[in-house]
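This report describes the architecture and side-chain packing of a single protein chain. The sequence and the model are shown first.

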Amino acid sequence: MARPLSDRTPAPLLLGGPAGATPGGGTLLGLRSLLQGTSKPREPATCLLKEKERKAAPPAATVPGPGLETAGPADAPAGAVGGGLTSRDTPSPVDPDTVEVLMTFEPDPADLALSSIPGHETFDPRRHRFSEEELKPQPIMKKARKIQVPEEQKDEKYWSRRYKNNEAAKRSRDARRLKENQITVRAAFLEKENALLRQEVVAVRQELSHYRAVLSRYQAQHGAL
């Protein structure tokens, strides 16, 4: 059986106003604010998309002001400037043995033949180097006194030993003569190279004196560098 209308209690309002306000006051205030336009309108979808794109985009590169330097790559060496150039070019060390002096040296082919080992590469005085032991002076050896052997003792063993001794002495003389020839050709090349280098040293010293004079005049006018 249905209850009479007078006995029904009103349902509580979900939209409430401030404390102490009459029931339904919050709903009326909300409708009034919507009609008057005082409530904040919702942000359009396009604004939301632009905001997301702005947050996702990488930060723009800032241009340094006067006096500020831009940082280069992390692996760039100290003092490196854009383009791979350094602010101060420092020459790398040079091996003296790799330096070749431009000169014309044409030894006699006969001298080169006497300075070369038969069946081996021709002796090159430009690149051959002698050790300190090879360049030491050799003492003068006195010949040993010959011992006369009687004819009746010159048997087959004597002649075999004498032949081996003569061959060893010949190889020793040939090796000594070969080294002497090589040293002679090498010395001739070094003498000519030394004369040319002395001329270059004189030219470099004159150029250095000129640059020192120019630097002295500059420092006298503008101060020390």
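Only some residues are shielded from solvent in this predicted model: of the 225 residues of the protein, 8% count as buried. The protein exposes about 21300 Å², and carbon and sulfur atoms supply 57% of that area. Among contacts with a separation of 6 or more, 63% are made by residues 24 or more positions apart.

The protein contains four helices and two strands. Read from the N terminus, the order of the elements is α-α-β-β-α-α.

**Helix H4**

Helix H4 covers residues 156-222, a run of 67 residues. From its first C-alpha to its last, H4 reaches 96 Å, close to the 99 Å expected at 1.5 Å a residue. Just after H4, Gly223 adopts a positive phi of about 95 degrees.

Which residues of H4 are buried? They are Tyr158, Leu178, Gln182, Val185, Arg186, Phe189 and Glu193. The helix against which the buried residues of H4 pack is H3 (109-115).

A nonpolar surface patch of about 330 Å² is formed by Leu215, Tyr218 and Leu225. Tyr218 belongs to helix H4. Tyr218 counts as partly exposed because its relative accessibility is 40%, a value between the limits of 20% and 50%.

**Aromatic pairs**

The count of aromatic pairs comes to two. Phe105 and Phe189 form an edge-to-face pair, with 5.3 Å centre to centre and 70 degrees between the planes. This pair links distant parts of the chain: Phe105 lies in the loop between strand E2 (85-86) and H3, whereas Phe189 lies in helix H4, 84 residues apart. Phe105 and Phe189 are both buried.

Tyr158 and Trp159 also make an edge-to-face aromatic pair, with 5.1 Å centre to centre and 70 degrees between the planes. Why does Tyr158 count as buried? Its relative accessible area is 13%, under the 20% limit for a buried residue. Trp159, at 44% relative accessibility, counts as partly exposed.

**The surroundings of Phe130**

Phe130 lies in the loop between H3 and H4. With 16% relative accessibility, Phe130 counts as buried. Which residues does Phe130 contact, leaving aside its neighbours within four places in sequence? They are Phe123, Leu135, Gln182, Ile183 and Arg186. Gln182 and Arg186 are also among the buried residues of H4. Phe130 and Gln182 are 52 residues apart in sequence, and their C-alpha atoms are 9.5 Å apart in space.

**Salt bridges**

Side chains of opposite charge can pair when their charged atoms come close. The count of salt bridges in this model comes to seven. Three of them are listed here, with the relative accessibility of each partner.

| Salt bridge | Closest N to O | Accessibility, acidic partner | Accessibility, basic partner |
|---|---|---|---|
| Asp124 and Arg127 | 3.1 Å | Asp124, 25% | Arg127, 57% |
| Glu133 and Lys136 | 3.5 Å | Glu133, 56% | Lys136, 46% |
| Glu151 and Lys154 | 3.2 Å | Glu151, 60% | Lys154, 22% |

In the bridge between Glu151 and Lys154, Glu151 counts as exposed at 60% relative accessibility, while Lys154 is partly exposed, with a relative accessible area of 22%. Salt bridges with shared partners join Glu100, Asp124, Arg126 and Arg127 into one network. Within that network, Arg127 counts as exposed at 57% relative accessibility, whereas Asp124 counts as partly exposed at 25%. In the bridge between Glu133 and Lys136, Glu133 counts as exposed and Lys136 as partly exposed.

Key. Residues are numbered from 1 along each chain as its sequence is written. This is a predicted model: local features need pLDDT of at least 70, side-chain atom pairs count only at pLDDT 80 or more; totals for chains, interfaces and linings use all residues. Side-chain values use heavy atoms; hydrogens and water are left out. The expected span of a helix is 1.5 Å times one less than its number of residues. Buried means under 20% relative accessible area, exposed over 50%, partly exposed in between (1.4 Å probe, protein chains only). Contact means heavy atoms within 4.5 Å. Accessible areas come from the Shrake-Rupley method with a 1.4 Å probe; for residues, only the protein chains shown count as cover. Rings of Phe, Tyr and Trp (its six-membered ring) pair if their centres lie within 6.5 Å; planes under 30 degrees apart count as stacked, over 60 as edge-to-face and the rest as tilted. Patches are made of residues with over 30% relative accessible area and no salt bridge: like charges are joined within 9 Å, nonpolar side chains (Val, Leu, Ile, Met, Phe, Trp, Tyr) within 5 Å. A salt bridge is a side-chain nitrogen of Lys or Arg within 4 Å of a carboxyl oxygen of Asp or Glu.
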